[in-house]
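Subject: Structure handover

Dear colleague,

I am passing on the structure below, followed by an account of what was found in it. Please keep it open beside you as you read.

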Amino acid sequence: MKKITIAIDGHSSCGKSTMAKDLAREVGYIYVDTGAMYRAVTLYCMRNHLIDAQGEVLTARLKALMPQVSVTFQLNKETGKPDTYLNDERVEDTIRSIEVSSNVSKVAAIPFVREAMVEQQRLLGKEKGVVMDGRDIGTTVFPDAELKVFVTASPEVRAQRRYDELKAKGMAADYDDILKNVQERDYMDSHRAVSPLRKAEDALLLDNSEMTIAQQKDWLMDKFNKALGAI
């Protein structure tokens with residue numbers, strides 16, 4: 001059976017990872033959460049004092065240490081979904097904290113960090129049969145993907161989703177802080193010099209502000225079947 005590449009881009013906390021994971025499991029494709037890769041690099045920076053008191057990344061030191069940063073994924077047998085590992089340590093929950101969220105856009109904007117991660121992402125998807133979500137999958141990583149989707153929702157809806165997710169995990173959360181972080185990340189992701197967040201010209205737009213997870217799943221499965229039938 002023919003396989004395709006599926007690129008799902010969009011704003012932070014818009015539910016694109018949930019959509020991508022569910023679709024990959026449903027159709028037997030590999031799922032890659034590229035946002036988690038940048039979060040893992042950010043966590044590495046925080047742990048190794050590569051972000052100074054002013055919040056600036058010490059890029060020269062990070063560049064020298066990048067060869068020591070390994071981001072991989074392993075299937076969680078209990079959830080059936082892949083977990084993120086930083087240098088063989090499971091960091092799936094840690095990288096979702098507000099502290100990491102507050103720094104990830106700065107780290108992800110660094111050209112040599114993006115180059116390293118994009119190279120890994122292309123290797124993961126070279127055989128097709130992959131669902132990959134992030135900020136620049138349809139524009140930079142896989143511009144020839146057979147199915148491209150750009151997902152968005154209002155900042156308020158996305159902040160509430162992030163708040164609910166953190167509380168469900170028993171993690172500290174403040175809605176106002178999260179909303180501010182969502183808005184700041186939107187600006188930084190859209191205005192960075194390298195691979196800024198933008199909708200690819202041939203991407204399908206999905207505003208899921210008022211949609212349930214089930215509705216999103218049905219919508220994406222329909223688009224997948226149409227893309228598969230077109231090749």
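A residue is called buried when its relative accessible area is under 20%, and exposed when that value is over 50%. Please bear in mind that this is a predicted model. With a relative accessible area of 5%, Phe 224 falls under the 20% limit and is therefore buried. Tyr 29, at 10% relative accessibility, counts as buried as well.

These two residues belong together, and the count of aromatic pairs comes to 1. The ring centres of Tyr 29 and Phe 224 lie 5.7 Å apart and the ring planes stand at 85 degrees, so the pair is described as edge-to-face. The pair joins distant parts of the chain, since Tyr 29 sits in the loop between H1 and S2 while Phe 224 belongs to helix H9, 195 residues apart.

Now to the open spaces, where a general remark may help. Rolling a probe the size of a water molecule over the atoms shows where empty space is left. The largest pocket has a volume of about 920 Å³. Its lining is made of 42 residues, and those nearest the centre are Ser 17, Thr 18, Lys 21, Arg 96 and Glu 165. Several elements give at least two residues each to this lining, among them helix H1 (16-27), strand S4 (82-86), helix H7 (155-168) and helix H9 (213-229). Sorted by class, the lining of the largest pocket holds 21 charged, 13 polar and 8 nonpolar residues.

The second largest pocket has a volume of about 180 Å³. Tyr 29, which we met in the aromatic pair, is among the residues closest to the centre of this pocket, together with Ile 30, Tyr 31, Leu 75 and Pro 82, out of 13 lining residues. Two or more residues of this lining come from each of H1, strand S2 (30-33) and strand S3 (71-75). In the second largest pocket the lining divides into 9 nonpolar, 3 charged and 1 polar.

There is also enclosed space, for a search of the whole structure finds 3 cavities of 30 Å³ or more. The largest cavity holds about 40 Å³ of space, and the residues that line it include Ser 12, Ser 13, Arg 162 and Asn 181. H4 and H8 each supply at least two residues of that lining, with the largest share, 4 residues, coming from H8. By class, the lining of the largest cavity has 4 polar, 3 nonpolar and 2 charged residues.

Finally, there is the nonpolar interior to consider. Which residues have the most contacts inside the largest nonpolar core? They are Val 41, Leu 62, Met 66 and Val 113, in a core of 35 residues. Elements that supply at least two residues each to this core include H2, H4 and helix H5 (111-124), and the largest share, 8 residues, comes from H2. If neighbours within four places in sequence are set aside, Leu 62 is in contact with Cys 45, Leu 50, Val 57, Ile 110, Phe 112 and Val 113. A second core, separate from that one, has 20 residues, including Ile 6, Ile 8, Val 131 and Val 149.

With best wishes

Methods:
Residues are numbered from 1 along each chain as its sequence is written. This is a predicted model: local features need pLDDT of at least 70, side-chain atom pairs count only at pLDDT 80 or more; totals for chains, interfaces and linings use all residues. Side-chain values use heavy atoms; hydrogens and water are left out. On a 1 Å grid over the protein atoms alone, a cavity is a set of points where a 1.4 Å probe fits but cannot get out, and a pocket is an open set with protein on both sides within 12 Å along at least five of seven lines; lining residues have an atom within 4 Å of a point. Grid points are joined across faces, edges and corners, and a volume is the space filled by probe spheres set on the points. Ala, Val, Leu, Ile, Met, Phe, Trp, Tyr, Cys and Pro count as nonpolar, Asp, Glu, Lys and Arg as charged, and the others, Gly among them, as polar. Rings of Phe, Tyr and Trp (its six-membered ring) pair if their centres lie within 6.5 Å; planes under 30 degrees apart count as stacked, over 60 as edge-to-face and the rest as tilted. Buried means under 20% relative accessible area, exposed over 50%, partly exposed in between (1.4 Å probe, protein chains only). A nonpolar core is a set of buried Ala, Val, Leu, Ile, Met, Phe, Trp, Tyr and Cys residues joined through side-chain atoms within 4.5 Å. Contact means heavy atoms within 4.5 Å.
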